[in-house]
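I set out to look up the charged pairs, the sheet and the nonpolar core of this chain, and I record below what I found.

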Amino acid sequence: MPKMKTHRGTAKRFRVTGSGKIMRAKAYKSHIMTKKSQKRKRNFRHETEVSKADYKVVARDLGLR
């Protein structure tokens, strides 16, 4: 059986922490920023953990399962 390949598109969008959590960037921060508040734009900079519903699929694409 050959090795599983990492899905490169997924690898560019997610990162794995030392404790094994999968982190992702927040959505809605690429354009039409003028109508968004400064607080909202500032909060887009932070990463957040992948939801339980998506964890299995993302982990498989990253070659973790």
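**Entry 1: salt bridge**

I began with the charged side chains and counted one salt bridge. The model is a predicted one. The bridge joins the side chains of Glu47 and Arg15, with an N to O distance of 2.8 Å. I noted that Glu47 sits in the loop between α2 and β3 while Arg15 belongs to strand β1, so the pair ties together parts that are 32 residues apart in sequence. I then looked up the exposure of both partners. Glu47 has a relative accessible area of 37% and is partly exposed. Arg15, at 42%, is partly exposed.

**Entry 2: the sheet**

I next traced the strands. Three of them form an open sheet in the order β1-β2-β3, with antiparallel pairing. The edge strands are β1 (14–16) and β3 (48–49), each of which pairs on one side only. Between β1 and β2 (residues 22–24) I found three bridges in the antiparallel sense. Arg15, the salt-bridge partner of Glu47, stands opposite Met23 in β2.

**Entry 3: the nonpolar core**

Which residues make up the largest nonpolar core? I listed five: Ile22, Val50, Val58, Ala59 and Leu62.

I followed Ile22 further. Neighbours within four places in sequence aside, its contacts include Phe14, Arg15 and Val16. Also among them are Thr48, Glu49 and Val50, as well as Tyr55, Val58, Ala59, Leu62 and Leu64.

I then turned to Ala59, which lies in helix α3 (residues 52–61). Is Ala59 buried or exposed? Its relative accessibility is 1%, so I entered Ala59 as buried. Not counting residues up to four places away in sequence, Ala59 touches Ile22, Leu64 and Arg65. I also checked Ala59 against Phe14: the two are 45 residues apart along the chain, and their C-alpha atoms are separated by 9.6 Å.

**Entry 4: a buried lysine**

I closed with Lys36, located in the loop between β2 and α2 (38–43). Lys36 is buried yet has no salt bridge. Where is the nearest side chain of opposite charge? I found that it belongs to Glu47, 19 Å away. Glu47 itself is paired with Arg15, as entered above.

For Lys36 I looked instead for a backbone partner. Its side chain reaches the backbone oxygen of His31 at 3.2 Å. Leaving aside neighbours within four places in sequence, I recorded contacts of Lys36 with Tyr28, His31, Lys41 and Phe44.

Methods. Residues numbered from 1 in each chain as written. Predicted model: local features only at pLDDT ≥ 70, side-chain atom pairs only at ≥ 80, totals over all residues. Heavy atoms only, no water. Pairing = 2+ DSSP bridges. Helix = DSSP H or I, 4+ residues; strand = E, 2+ residues; numbered from the N terminus. Core = buried A, V, L, I, M, F, W, Y, C linked by side-chain atoms within 4.5 Å. Buried < 20%, exposed > 50% of the residue type's maximum accessible area, 1.4 Å probe, protein only. Contact = heavy atoms within 4.5 Å. Lys, Arg positive; Asp, Glu negative; His and termini not counted. Salt bridge = Lys/Arg side-chain N within 4 Å of Asp/Glu carboxyl O. Polar contact = N/O pair within 3.5 Å; in protein donor to acceptor, adjacent residues only side chain to side chain.
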